[in-house]
Amino acid sequence: MSCNTVTFKRGSSFSASMVWNPEPGGIANLVGVTVTSSIIDTQQNEYDLTCTVAPGGLSVAFVYPGSTADWALGSAKWDIKFLNGGTVFYSETMRIDLIGQVTA
């Protein structure tokens with residue numbers, strides 16, 4: 001997985017999605033794979049995301065169930081962990097540029 005830095009306004013609802021693109025000889029889909037994910041802000045606060053694998057296992061929805069109003073501004077880190085049986089693998093680390101909102 002490859003991703004540029006994305007901009008996100010603190011205080012907004014956080015949600016994202018990922019499409020699984022199987023590689024030859026790799027896992028065909030994410031059915032039965034445990035997917036977990038967290039975002040860590042610039043103050044090292046960790047925010048666990050709710051991860052839902054779609055039926056068929058070709059996409060995952062990520063949602064932060066709480067408020068993002070207190071997330072520290074700056075460059076946050078985000079990755080995704082996949083657990084398939086006893087094998088663990090991770091996505092690349094993505095960056096989220098957390099900025100403040102203009103309108104109160």
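# Briefing: an all-strand chain

I40 has K77 as its bridge partner in β7. That pair belongs to a set of seven bridges joining β3 to β7, and the two strands run antiparallel. The model is predicted. It holds nine strands and zero helices. The points below start with the chain, then follow the strand pairs, two buried residues, one unusual backbone angle and a surface patch.

**Chain overview**

- The order of elements from the N terminus is β-β-β-β-β-β-β-β-β.
- Taken along the principal axes, the C-alpha atoms fill a box of roughly 50 × 20 × 20 Å.
- The chain has 104 residues, and 27% of them are buried.
- Take the contacts with a separation of 6 or more: 61% of them link residues 24 or more positions apart.
- The accessible surface comes to about 6,300 Å². Carbon and sulfur atoms supply 50% of that area.

**Strand β3 and its partners**

- β3 spans residues 34-40.
- On one pairing, β3 meets β7 (74-84), with seven antiparallel bridges between the two strands.
- β3 also pairs with β4, residues 46-48, through three bridges in the antiparallel sense.
- I39 of β3 has Y47 as its bridge partner in β4.
- β3 and β4 form a hairpin with five residues between the strands.

**Q44 in the β3-β4 hairpin**

- Q44 sits in the loop between β3 and β4.
- Its phi is positive, about 65°, although Q44 is not a glycine.
- Most residues other than glycine have a negative phi.
- Q44 counts as exposed because its relative accessibility is 53%, and the cut-off for exposed is over 50%.

**Strand β6 and its partners**

- β6 covers residues 59-63, and its side chains alternate between two faces.
- V60 and F62 point to one face and are buried. S59, A61 and V63 point to the other face and are not buried.
- β2, residues 15-19, joins β6 through five bridges, with the strands antiparallel.
- β5, residues 50-53, pairs with β6 over four antiparallel bridges.
- F62 is the β6 bridge partner of A16. F62 is also the β6 bridge partner of C51.
- A61 of β6 stands opposite T52.
- β5 and β6 form a hairpin with five residues between them. In its turn, G56 has a positive phi of about 95°.

**S37: a buried polar side chain**

- S37 lies in strand β3.
- S37 counts as buried because its relative accessibility is 5%, and buried means under 20%.
- The side chains of S37 and W78 are joined by a polar contact of 2.5 Å.
- Leaving out residues up to four places away in sequence, S37 touches Y47, D48, L49, C51, F62, W78, D79 and I80.
- Within that list, F62 is one of the buried residues of β6, and C51 is paired with F62 by a bridge.

**W71: a buried loop residue**

- W71 is in the loop between β6 and β7.
- Its relative accessible area is 1%, so W71 is buried.
- Residues up to four places away aside, W71 touches F8, R10, F14, I39, D41, Y47, Y64 and L98.
- Two of these contacts, I39 and Y47, are bridge partners across β3 and β4.
- W71 and K9 are 62 residues apart along the chain, while their C-alpha atoms are separated by 9.7 Å.
- Y47 appears among the contacts of W71 and among those of S37.

**Surface patch**

- L83, V88 and Y90 make a nonpolar surface patch of about 260 Å².
- One member, Y90, lies in strand β8, residues 87-90.

Technical notes:
Residues are numbered from 1 along each chain as its sequence is written. This is a predicted model: local features need pLDDT of at least 70, side-chain atom pairs count only at pLDDT 80 or more; totals for chains, interfaces and linings use all residues. Side-chain values use heavy atoms; hydrogens and water are left out. Buried means under 20% relative accessible area, exposed over 50%, partly exposed in between (1.4 Å probe, protein chains only). A polar contact is a pair of N or O atoms within 3.5 Å; within protein, one must be able to donate a hydrogen and the other to accept it, and residues adjacent in sequence count only if both atoms are side-chain atoms. Contact means heavy atoms within 4.5 Å. Patches are made of residues with over 30% relative accessible area and no salt bridge: like charges are joined within 9 Å, nonpolar side chains (Val, Leu, Ile, Met, Phe, Trp, Tyr) within 5 Å. Accessible areas come from the Shrake-Rupley method with a 1.4 Å probe; for residues, only the protein chains shown count as cover. A salt bridge is a side-chain nitrogen of Lys or Arg within 4 Å of a carboxyl oxygen of Asp or Glu. Two strands pair if DSSP finds at least two bridges between them.
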